[in-house]
Amino acid sequence: MTLQILRADEHPVVPWANGRGVTEVVVSWPPGDDDFDWRVSIATVEEPGAFSSYAGIDRTLVVAAGGPLVLGIDGTVVAAERFDPVAFAGDAETVCLAASRARVVNVMARRGAAAAEVATLEAKADGGTQPPARVRAPEAGFACAVVVRGTATVGDHVLTAYDAVLSLDDLEVHGPATLVVARITPSR
């Protein structure tokens with residue numbers, strides 16, 4: 001199995017493109033490049049205001065804690081509820097209309113360079129009759145799973161809040177934990 005553990009206390013912190021906050025970069029490709037093909041990050045939304053614009057990027061936002069958020073996306077009002085992925089174009093005019101302080105996981109993929117599927121996953125505790133949760137990596141791609149609630153075990157690795165695992169292979173995850181899973185398929 002080819003995997004990398006990404007600890008929350010080691011995520012680089014970078015300013016938002018619009019300067020209104022900061023993002024913790026869980027993982028991106030190419031690493032550390034503002035012109036990324038794909039990126040998984042975590043941010044805290046504390047107040048209403050405009051989102052940064054990302055031309056040519058497809059975004060998915062998942063409220064991991066707090067919330068909900070009420071978003072205006074190109075004039076359409078969308079409620080971003082906890083653990084419910086909301087996908088939108090990064091260059092859409094996006095505004096947070098109302099916010100209860102929320103911690104969000106953002107997955108971004110540059111059109112033509114990568115595609116991302118995002119979902120939440122519940123991993124049950126070890127033992128009993130429940131099998132481990134399975135994170136499936138796409139063929140010729142990556143799976144990135146971010147723990148957003150509880151404690152997860154992947155192999156010999158224990159992951160807590162906002163720790164993540166990046167893998168080329170399918171993973172078995174034991175909990176109890178909730179994870180945001182991004183399945184990323186590079187196009188180039």
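1. Starting with an acid on the surface side of things: D91 has a relative accessible area of 40%, so it falls in the partly exposed class. Keep in mind that this is a predicted model. D91 pairs with R111 in a salt bridge, and their closest N and O atoms sit 3.3 Å apart. The two come from distant parts of the chain, 20 residues apart: D91 from the loop between β9 and β10 (94–99), R111 from the loop between β11 and β12. R111 is partly exposed too, at 38% relative accessibility.

2. Next door in sequence, R110 makes a salt bridge with D35, with 3.1 Å between the closest N and O atoms. R110 belongs to strand β11 and D35 to the loop between β3 and β4, so this pair ties together parts that are 75 residues apart in sequence. At 17% relative accessibility, R110 counts as buried, because the cut-off is under 20%.

3. The salt-bridge total for the structure is twelve. One of them joins E172 to R134, the closest N and O atoms being 3.6 Å apart. This one also spans distant parts of the chain, linking strand β18 (residues 171–173) to strand β13 (residues 133–135), 38 residues apart. E172 is partly exposed at 44%, and R134 is partly exposed at 41%. Both belong to a salt-bridge network that also takes in R136 and D170.

4. On to the sheet. Six strands make up an open, antiparallel sheet, ordered β2-β3-β4-β11-β6-β9. At its edges are β2 (13–15) and β9 (86–89), each paired on one side only. Ignoring direction, neighbouring strands are turned by 30° against each other on average. Between β4 and β11 there are eight bridges, and the two run antiparallel; W38 has A109 as its bridge partner in β11.

5. M108 is worth a look as well. This β11 residue counts as buried at 2% relative accessibility. Leaving out residues up to four places away in sequence, M108 touches F36, D37, W38, R39, Y54, I57, D58 and R59. From M108 to A87 the C-alpha distance is 9.7 Å, with their positions 21 residues apart in sequence.

6. Finally, the packing. The largest nonpolar core has 23 residues, and V26, V27, V40, V105, C144, V146 and V148 touch the most other members. Strands supplying at least two residues each include β3 (22–29), β4 (38–45) and β11 (102–110). Apart from this core lies another, of 18 residues, among them I5, A152, V165 and V173. As for V40, its contacts beyond four places in sequence include V26, V105, C144, V146 and I184.

Conventions. Residues numbered from 1 in each chain as written. Predicted model: local features only at pLDDT ≥ 70, side-chain atom pairs only at ≥ 80, totals over all residues. Heavy atoms only, no water. Core = buried A, V, L, I, M, F, W, Y, C linked by side-chain atoms within 4.5 Å. Buried < 20%, exposed > 50% of the residue type's maximum accessible area, 1.4 Å probe, protein only. Helix = DSSP H or I, 4+ residues; strand = E, 2+ residues; numbered from the N terminus. Contact = heavy atoms within 4.5 Å. Pairing = 2+ DSSP bridges. Axes fitted to C-alpha atoms, helices over the stretch in contact; angles between N-to-C directions. Salt bridge = Lys/Arg side-chain N within 4 Å of Asp/Glu carboxyl O.
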